[in-house]
Amino acid sequence: MLRPWKTILAIDFNHQLSVYQQIADGIVAEIKKGRLKPGSPLPGSRILAEDIGVNRKTVVLAYEGLIAEGWLESADKRGTFVAAELPTLKKAASRTHSSFEFNETEIAPIPAKTNSGFIVFNDGLPDVRLAPLDELARAYKRIFQQKARWRMLGYGHEQGEERLRTALTGMLSSRRGMNTGEADICITRGSQMALFLTAQTLIRPGDSVAMECPGYLPAWQTFVHAGAYMINIGVDDKGLMVEELEQVCRTKKLKAVYVTPHHQFPTTVSMKMERRLKLMELSARYGFAVIEDDYDHEFHFDAKSLLPLASDERAANVIYISSLSKLVAPAVRIGYVTGPPAFIASLARLRALVDRQGDPIMEQAIAELMEQGAINRHAKRAARFYRERREAMSEYLHTHLDKKISFKKPEGGLAYWVKINRDINTEELAAKLLKKGVSIIPTERFSFNGKPLNALRLGYASLTPAELEEGIRLLATVLKKS
Ligand SMILES: Cc1ncc(COP(=O)(O)O)c(C=O)c1O
């Protein structure tokens, strides 16, 4: 390929760098950009010298330097080539000897969502095969085709696109009984970012935060990272044990309590009304924030679906977090947080430091789908599949594992909590199951006090009934043998 070397190398004879060094740097830059691939030929020194208007010896000097450094190699009479193996690896390795100190993130990485088996029991994800992809693609296209589309390519509001905030507040009001203004909502990249910003805005190092145990590990880690002292509160078949919380409140000043009342993570229990009222009463009496993580609100199958704590008229202390990860798909990365206006304003200023703003195009596309009712239609359709799979799961658990386990069909949410009627190490169980092509999530990670849970959280919504049956059958086989 004939390259415009005169333009690429653009020699400056007045530059403080010598001409041969400028040639060498220019060639290395081309290699790093990937425009000169390993093994590609360089022009002969005479040709290049004439092309860029320098002495041939200068080019030879540059080539020799690059050969010595390993960027180029010469092949006898055939000419000079970019080295087949570039010296970048050596450079990268030298980075391991940096001499500055930094803040080590002392959080063990949460293993990526298990997806290495044929049959994956995740922790309660939606079936992304059902996601309204065509509708989303069409909305995306329309947004790119609209008049004055250039407007959305600049910087936007740190709280997110107003159009989506309006759509969300409408949905929160009509479906979740919440009274939220557009100014009191901040759109984030998923609930996880909302949790992180909430923790950073709320917690000072040493503050005490209580949370459900067993519970959602990334939330626990997020509070620990913010410097919180964590207090575990038990969970039973009515949800968070508020009497235990009250005992703690009597001796300790709590900054916040994190809860998943709609479908407790991981046990799936819906928090009963009397517990909710007590939690709100304690929050008002002792002045702590309630962080309500409503991560899968839409899929509730029991006749009685309670409204979020944030819909209560005494919800002044409630910070409400939710997202579209379960409703549409985790990769959409649209979450949001609502709460007291001054708190949200402060959180949004922090958000601007981390990420400046969200993704205005995706936010507008989702707003359009909400306005058109496409998201509601999708929720209804997906719920039909999940209802059927929830029934199938219950049947297969009875058929294959009956005496070995106990479980309650979840009132809602996309996972089952299955208790195993004996002591079990779920890390070992997971390893054995993987050999049969089935992935489960080791449950040890949901316990923050080291107590064994002898249970499994089995997401059922993303598997077809046939996949569910095969997965449960293999689980039963492995359990029998272990
Ligand atoms: C309890 C709970 N909270 C928050 C999240 C985070 O979801 P996202 O960041 O995808 O909105 C999840 C995801 O699985 C979850 O289970």
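Asn 454 is placed in the loop between strand 15 and strand 16. The model that holds this residue is a predicted one. The phi angle of Asn 454 is near 45°, a positive value in a residue other than glycine. With a relative accessible area of 15%, Asn 454 falls under the 20% limit and is therefore buried.

A second residue with this backbone feature is Arg 356, which has a positive phi of about 60° although it is not a glycine. Arg 356 belongs to the loop between helix 12 (341-355) and helix 13 (360-372). Its relative accessible area is 33%, so Arg 356 counts as partly exposed, a class that runs between 20% and 50%.

The loop that holds Asn 454 also takes part in an aromatic contact. Trp 220 and Phe 448 form a stacked pair, with 5.2 Å from centre to centre and 20° between the planes. Trp 220 lies in helix 9, whereas Phe 448 lies in the loop between strand 15 (438-439) and strand 16 (455-459); the pair therefore ties together parts that are 228 residues apart in sequence. As for solvent, Trp 220 is partly exposed, at a relative accessible area of 24%, while Phe 448, at 15% relative accessibility, counts as buried.

This pair may be set in the context of the whole structure, in which a search finds ten aromatic pairs. Among them is the pair of Tyr 216 and Phe 265: the ring centres are 4.9 Å apart and the planes stand at 70°, so the arrangement is edge-to-face. Here too distant parts of the chain are linked, since the two residues are 49 residues apart. Tyr 216 sits in the loop between strand 5 (208-212) and helix 9 (217-225), and Phe 265 sits in the loop between strand 9 (254-259) and helix 11 (273-286). Both Tyr 216 and Phe 265 are buried. Together with Tyr 295 and Phe 446, they form one aromatic cluster.

The two loops that supply Tyr 216 and Phe 265 have a further feature in their backbones. In the loop between strand 5 and helix 9 lies Pro 214, and the peptide bond that leads to Pro 214 from Cys 213 is cis, with omega near 5°. In the loop between strand 9 and helix 11 lies Pro 266. A cis peptide bond, with omega of about 10°, joins Pro 266 to Phe 265, the aromatic residue described above.

The loop between strand 9 and helix 11 also contains Ser 270. This serine has a relative accessible area of 6% and is buried, because the value is under 20%. What does the side chain of Ser 270 contact? A polar atom of that side chain lies 2.9 Å from the backbone oxygen of His 262. The side chain of Ser 270 also makes a polar contact, at 3.4 Å, with the side chain of Glu 411.

Attention now turns to the ligand. Twelve residues lie around the ligand, and those that come nearest are Ser 191, Asp 293, Ser 323, Ser 325 and Arg 333. By class, the shell divides into three nonpolar, five polar and four charged residues. The serines approach oxygen atoms of the ligand through different parts of the residue, as the following distances show. Ser 191 does so with a backbone N or O atom, which lies 2.7 Å from a ligand oxygen. Ser 323 presents a polar side-chain atom at 2.7 Å from an oxygen atom of the ligand, and Ser 325 presents a polar side-chain atom at 2.6 Å from an oxygen atom of the ligand. Taken alone, the ligand exposes 390 Å², and the protein buries 95% of that area.

Which element gives the most to the shell around the ligand? It is helix 8 (residues 190-202), with three residues. Helix 8 has 13 residues and reaches 19 Å from its first C-alpha to its last, close to the 18 Å expected at 1.5 Å a residue. The buried residues of helix 8 include Ser 191, whose backbone contact with the ligand was given above. Others in the buried set of this helix are Gly 190, Met 193, Ala 194, Leu 195, Leu 197, Thr 198, Ala 199 and Leu 202. An α-helix has 3.6 residues a turn, so residues three or four places apart point the same way.

Methods. Residues numbered from 1 in each chain as written. Predicted model: local features only at pLDDT ≥ 70, side-chain atom pairs only at ≥ 80, totals over all residues. Heavy atoms only, no water. Near = heavy atom within 4 Å. Polar contact = N/O pair within 3.5 Å; in protein donor to acceptor, adjacent residues only side chain to side chain. Areas by Shrake-Rupley, 256 points an atom, 1.4 Å probe, with all protein chains shown as cover. Helix = DSSP H or I, 4+ residues; strand = E, 2+ residues; numbered from the N terminus. Nonpolar A, V, L, I, M, F, W, Y, C, P; charged D, E, K, R; others polar. Phe/Tyr/Trp six-rings, centres within 6.5 Å; stacked < 30°, edge-to-face > 60°. Buried < 20%, exposed > 50% of the residue type's maximum accessible area, 1.4 Å probe, protein only. Expected span 1.5 Å × (residues − 1).
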